[in-house]
Amino acid sequence: MKNEKRSSKVNVRDTAFIAVFGALWGLSEILFGGVLHSFQVPFTGLVMASVSILIAVTGSSFIQRKGSIITMGLIASFMKIFSIGGIILTPVLAIIIEAVILEIIILIGRRTLLSICIAGGVTVTYTILHRVIGGIYFYSLDVIQILDKMITSASKNLNLDLTLAWIIMLTIILIHFLAGTAAGALSWWLARKIKLRLNYEIQ
Amino acid sequence: MRSNKYRKASFEFYLGVFLVFVFCPLLLPGDLLFTAPAAAFIILIIFDKKGIKELGSFKFWLLILILFFVMTFLLNPRDGIFLSIPYSVSNLKLAGQMFFRALSIYIGIILFTRNVSIEELVQLMRKMRLKEFSTSLPIAMNIVPLIRKNILQIITAFRIRGGFRRYRIKNFFMLLMTIFINTIHTAEELSQIMTLKGAKKVPEK
């Protein structure tokens, strides 16, 4: 682990870490995802994406391999298929896309705190876009219809008047971005703390 | 568990059957979802009659069905009436979809696990140039019960020691850290076992 650069070569330790953290991610998606959707908790996408970031970023900080987050995401999405919840195809695609976004931004930003925070923010904000794209492609809904539904439910949750549609939309985006940033920062802090406790080399 | 009778059928065929079982329930529109378990059941009878025994008793599935449908009397919006008891029509539809999906996935898993070994699955993924994924996926699928058990143990221990009654945020972070450290230990143990089994050497810490 010491002085070792992140490479695309495969070793046993990385495989084990990818498998275990992928399983943890998949388990959280099946358990929390199903429960939150069933109880119709507001901002379910935000919560799920934040949990995913926490697991993926913390897990990948112990893996010396490029593309580890994408592999973990693939494992989690494969496990999500076996969830019996209402609609599965869109969450499965969301997990894969979130993993790709996280991996690309973290790879470009070279795993600094700033890059992890931005990656978290962008990934969680993507859940809004995913809802719109999913609505258009899978449920043949109109963009206006989806946005109307989104703004109506958000105005209820945020206790804001419906006439302030733009402010509501911007507030939703801001909340998502800030939650993602917080999840990214928390995962970075958590990875550092765990490395200190387990005497790992801090990068 | 593997039935010798159908060993001649190619592994790719079983993979195709499994994908049909799993992806059909995902892709079929809600109104046509009832056809998925019916088709799955017919395929199971054609290719692996003995697999029917593993489906469980009729009473078990009836109980699951009743449980799914009882929920519709408890959830909102209650837009329908059955014997003067209000129930949720939208949730009834969702319950039906969930039941049919669960049944068809379960039949698919029975057919697949009875006829295809994990080694064959790994080999096919290697053919598809998914070497890393082919090794990680079976490990992940097998390690899930262990991770679940560990997390439940941690949470129980945490509750015994006071849980979130005081210093909620601090305790939440401590709980998170414990879960992650436990997961890392599991991964380390797993990598050591894999190394002992003759895989590549693990780089030093």
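Student: How many helices and strands are there in chain B?
Tutor: Helices and strands are read as DSSP runs, numbered from the N terminus: a helix is H or I over at least four residues, a strand is E over at least two. Chain B has 7 helices and 2 strands. Along its sequence they follow the pattern α-α-α-β-β-α-α-α-α. The model is predicted, so local features need pLDDT of at least 70 and side-chain atom pairs count only at pLDDT 80 or more, while totals for chains, interfaces and linings use all residues. Residues are numbered from 1 along each chain as its sequence is written, chains are lettered from A and ligands numbered from 1 in the order in which they are written, and side-chain values use heavy atoms, with hydrogens and water left out.

Student: Which pattern does chain A follow?
Tutor: Chain A follows α-α-α-α-α-α-α, with 7 helices and 0 strands.

Student: How many of the residues in each chain are buried?
Tutor: Buried means under 20% relative accessible area, exposed means over 50%, and partly exposed lies in between (1.4 Å probe, protein chains only). In chain A, 52% of the 203 residues are buried. In chain B, 38% of the 205 residues count as buried.

Student: What is the accessible surface of each chain?
Tutor: Accessible areas come from the Shrake-Rupley method with a 1.4 Å probe, and for residues only the protein chains shown count as cover. For chain A the accessible surface is about 9400 Å², with 68% belonging to carbon and sulfur atoms. Chain B exposes about 13300 Å², and carbon and sulfur atoms supply 67% of that.

Student: What do contacts say about residues that are apart in sequence?
Tutor: A contact means heavy atoms within 4.5 Å. Take the contacts with a separation of 6 or more: in chain A, residues 24 or more positions apart account for 68% of them. The corresponding value in chain B is 58%.

Student: Which residues does A:Val57 touch?
Tutor: Leaving out residues up to four places away in sequence, A:Val57 touches A:Leu102, A:Ile106, A:Arg111, A:Ile116 and A:Ser187. A:Val57 is in helix H2 (residues 44–60) of chain A and, at 2% relative accessibility, counts as buried.

Student: How is the reach of helix H1 of chain A read?
Tutor: The expected span of a helix is 1.5 Å times one less than its number of residues. H1 of chain A (residues 12–38) has 27 residues and reaches 39 Å from first C-alpha to last, close to the 39 Å expected. Of those 27 residues, 20 are buried.

Student: What does A:Asn11 reach at the start of H1(A)?
Tutor: The term here is polar contact: a pair of N or O atoms within 3.5 Å; within protein, one must be able to donate a hydrogen and the other to accept it, and residues adjacent in sequence count only if both atoms are side-chain atoms. A side-chain oxygen of A:Asn11 comes to within 3.1 Å of the backbone nitrogen of A:Arg13. The side chain of A:Asn11 also reaches the backbone nitrogen of A:Asp14, at 2.9 Å. A:Asn11 itself lies in the segment before H1 and is buried at 13% relative accessibility.

Student: Where does a positive phi turn up in chain A?
Tutor: Most residues other than glycine have a negative phi. A:Arg110 has a positive phi, near 55°, and A:Arg111 has one near 60°. A:Arg110 is in the loop between helix H4 (89–108) and helix H5 (113–138), and A:Arg111 is found in the loop between H4 and H5 too.

Student: Are A:Arg110 and A:Arg111 buried or exposed?
Tutor: A:Arg110 counts as exposed, at 74% relative accessibility, whereas A:Arg111 is buried, at 18%.

Student: How many aromatic pairs are there over all chains?
Tutor: A pair of aromatic rings is described by the distance of the centres and the angle of the planes. Rings of Phe, Tyr and Trp (its six-membered ring) pair if their centres lie within 6.5 Å; planes under 30 degrees apart are stacked, over 60 edge-to-face, and the rest tilted. The count is 5 over all chains. A:Phe17 and A:Phe21 form a stacked pair, 6.3 Å centre to centre with 20° between the planes. They are 4 residues apart in H1 of chain A, so about one helical turn separates them. Ring pairs link A:Phe17, A:Phe21, A:Phe62 and B:Phe180 into a cluster.
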